[in-house]
Amino acid sequence: MTSRRNFVKAGLMAGLATGIKPVISLADTGKQASKANYKHWVWINPDEKDKEADLTKRYARFYEAGIRGIFFENDSEKHFRAAKAQRLEAHRWMWTMNRGEKSLLEAHPEWYSINRKGESCADKPPYVGYYRWLCPSKPEVHQYLENDVKNILSKDYVDGIHLDYVRFCDVILPVNLWSDYKIEQTRELPEYDYCYCEDCKRKFKEWRGQNLEDISFPEASLSWRLFRYNAVTTIVNKLAAIAGSTKKPITAAVFPTPEVARRNVRQDWTNWNLSGVCPMIYHGFYKEGISWIGDAVTEGVNTLKGKFPLYAGLYLPDFRNIAELQEGMKLALEKGAKGISLFGDVTEDVLITLEKSSVKPRQS
Ligand SMILES: [Zn+2]
């Protein structure tokens with residue numbers, strides 16, 4: 001997998017429920033799952049060079065191991081149809097708020113987020129060149145994303161939409177990346193704190209009657225924080241309403257726990273109207289051990305209170321051996337995850353481990 005994706009997955013974020021009822025339940029749309037009814041997933045960037053016969057074999061093996069769906073990072077009818085032929089759900093994985101497409105950058109630089117120093121993601125992306133975050137307060141941005149989701153879901157071979165980068169830029173990076181970027185983020189630095197555009201400031205004033213400029217430490221304002229959670233939640237719930245109208249599920253890849261998601265990337269995912277969620281519980285990014293995977297699942301499941309299923313996202317390169325992987329998978333499932341979502345090289349060893357971990361112990 002690309003280092004780009006690794007970084008991406010390293011950081012995710014959140015917002016305010018509009019009261020729209022949750023859309024399609026993944027539990028309802030899923031086929032009978034393996035052994036203990038878990039529903040496992042894989043994140044894949046489809047390679048056009050893949051041969052159909054190989055895909056048939058690989059996806060049949062996925063199904064046998066308990067995988068029930070694939071999130072494809074690009075549109076590839078060949079891959080989607082090959083997956084569906086093996087009874088897997090084929091979902092489109094979409095970059096949501098981080099949108100660096102050249103056409104958009106050229107046509108609408110004014111749609112991009114502005115940091116507390118006044119710099120725009122359109123011409124001064126933070127951390128890395130592909131970090132091009134849209135402002136979540138602009139109606140034009142909402143419309144653009146809604147059209148994107150409508151187009152994706154209008155295809156008969158697309159079973160659902162999976163949102164990624166659905167958040168603000170990381171105001172705090174996962175601790176394991178600090179040395180890579182030579183930054184110590186023990187506080188919220190202005191160059192990574194978004195969005196201070198005129199639309200966000202105006203909407204905040206309309207909402208709270210307060211000028212953001214009059215707040216001495218906006219990074220410490222709880223109302224300003226909440227405003228930004230809600231801005232993203234509003235977008236997600238609009239996209240969820242579109243998915244609901246097509247009777248297709250909507251899921252998201254999010255930061256590992258509700259607390260980390262709000263703190264690092266202003267992502268309030270437990271208030272979203274999703275069909276399911278895949279927190280990226282990538283322990284290595286946070287310098288944590290395997291047991292933290294169980295803690296993260298517990299926090300997510302407790303906060304969600306059954307609103308929608310949680311699938312624990314595991315980052316395969318972070319596991320030093322198969323025993324560790326099995327421990328991580330077992331912990332996630334024991335603590336209430338309805339399945340595992342895998343990122344990385346899904347080898348036969350990984351599939352066997354997934355099968356072993358999915359067997360529920362007998363109740364005595
Ligand atoms: Zn803005």
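Which residues are linked in a network of salt bridges? They are Arg 116, Glu 188, Asp 193, Glu 219, Arg 225, Arg 228 and Arg 266; a salt bridge here is a side-chain nitrogen of Lys or Arg within 4 Å of a carboxyl oxygen of Asp or Glu. Please keep in mind that this is a predicted model, where local features need pLDDT of at least 70, side-chain atom pairs count only at pLDDT 80 or more, and totals for chains, interfaces and linings use all residues. Residues are numbered from 1 along each chain as its sequence is written, and side-chain values use heavy atoms, with hydrogens and water left out.

**The zinc site**
- Cys 135, Cys 195, Cys 197 and Cys 200 each offer an SG atom to the zinc ion, at 2.3 to 2.4 Å (donors are N, O and S atoms within 2.8 Å of the metal, or 3.2 Å for Na, K and Ca).
- The arrangement is tetrahedral because the angles between the four donor atoms run from 101 to 118° (for four donors, all angles must lie between 85 and 135 degrees).
- Along the sequence, the donor spacing reads C-x59-C-x1-C-x2-C.
- Both Cys 195 and Cys 200 are buried (under 20% relative accessible area; exposed is over 50% and partly exposed in between, with a 1.4 Å probe and protein chains only).

**Salt bridges**
- The count comes to 30 salt bridges.
- Arg 99 pairs with Glu 101, with 2.9 Å between the closest N and O atoms; Arg 99 is buried at 8% relative accessibility, while Glu 101 is partly exposed at 24%.
- Lys 124 meets Glu 119 at 3.9 Å between the closest N and O atoms; Lys 124 is partly exposed at 45%, and Glu 119 is buried at 19%.

Notes. Four donors count as tetrahedral if all angles lie between 85 and 135 degrees; four count as square planar and six as octahedral if opposite donors are over 155 degrees apart and all others between 65 and 115; anything else is irregular.
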